[in-house]
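Notebook open, model loaded. I want to look up how the strands and the helix are put together.

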Amino acid sequence: MSATSDYADTGYVPPKVWEWKKANGGRFAGTNRPVAGATHEKELPVGRHPLQLYSQGTPNGVKVTILLEELLALGHKGAEYDAWLIRIGNGEQFGSGFVGINPNSKIPALVDRSGPEPIRVFESGAILLYLAEKFAEFLPKEGAARAETLSWLFWQMGSAPYLGGGFGHFYAYAPMKIEYAIDRFAMEVKRQLDVLDRRLAETEYVAGDAYTIADMAIWPWYGALAKGWQYNAAEFLDVASYRHVQRWADLIHARPAVKRGRMVNRTAGEPSSQLWERHDAGDFDTKTQDKLQVG
């Protein structure tokens, strides 16, 4: 029996040259397209703080707001920031202003206006590394500890697309359930969880004894998956069995800065957990959606 005989043949034969003839279906069909660039003119707002973040509270966006809130908790006043909501479901990432700071049209994107000329930084891993080096926090300066942190940071960058664009898409968002695709990506995600579980059996945090940007990068994806917040797939993936990942996920979630960071630019869940825009530390107490909806 061949390796593919357990799956039904759909009869689809790829053409010699692919053409975009129809939307691909699924939850994000309206914003997916095979070309880059702006679709409309729209300038980005600019607030009063040195750092301007344009994002949404997805796992990639949460990485950066966690780091910013952790930096502020340590007393770094230069880490004050304005967080502007970019509604990716509405295609706001294709506005000319956003494309100007991230030609890849993905959140998050950051502009640092603290110096003589604005500096743009895009891709979540690049933003974490930029901020960690700027403020000399959450990233060892040299040696094995630095190498370990960067290795796990980039492990997340390479692994999460299999979780999100692979498993998450086919399990939760695709217009049809395709057994082969779900099996393929579920197997890979469980392998990744096993990688993390084995590592966290040896160390308190992902990169070792210290809390670093590696934890901040990995937790919004794999910590959320472990706690059942991603794709309604906790039972399907048996996430409870990864007990070391569970221990670590709870450890990170208990941090006040993580709780705040997870609220910023969030547009789903309990209204009290949604702070659509953040322009001041006091916004957490006065501008969550439960308070704005009163009256």
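Before the hairpin, a reminder to myself: two strands count as paired if DSSP finds at least two bridges between them. This is a predicted model, so local features are taken only at pLDDT of at least 70.

Entry 1, the hairpin. I looked up β3 (residues 109–112) and β4 (residues 119–122) and found them antiparallel, joined by four bridges. They form a hairpin, with six residues between the two strands. I checked one bridge by name: A109 has F122 as its partner in β4.

Entry 2, the parallel pair. β1 (residues 51–55) pairs with β2 in the parallel sense, and I noted five bridges. Which residue of β2 is the bridge partner of Q52? I found D82 there.

Entry 3, the connection. β1, helix α1 (residues 59–73) and β2 make a β-α-β unit, and I wrote down its hand as right-handed. On α1 itself, 13 of the 15 residues are buried, so I call the helix mostly covered, with under 20% relative accessible area as the cut-off for buried. I also checked the length of α1: at 1.5 Å a residue its 15 residues should span 21 Å, and the end C-alpha atoms are 21 Å apart, which agrees. Just after α1, I found G75 with a positive phi of about 100°.

Entry 4, back to β2. Which way do its side chains point? Y81, A83 and L85 go one way and D82 and W84 the other, and all are buried. That fits what I expect, as side chains in a regular strand alternate between the two faces of the sheet. With five of the five residues in β2 (residues 81–85) buried, the strand is largely enclosed by the rest of the structure.

Methods: Residues numbered from 1 in each chain as written. Predicted model: local features only at pLDDT ≥ 70, side-chain atom pairs only at ≥ 80, totals over all residues. Heavy atoms only, no water. Buried < 20%, exposed > 50% of the residue type's maximum accessible area, 1.4 Å probe, protein only. Right-handed = clockwise from strand over helix to strand, strands pointing away. Expected span 1.5 Å × (residues − 1).
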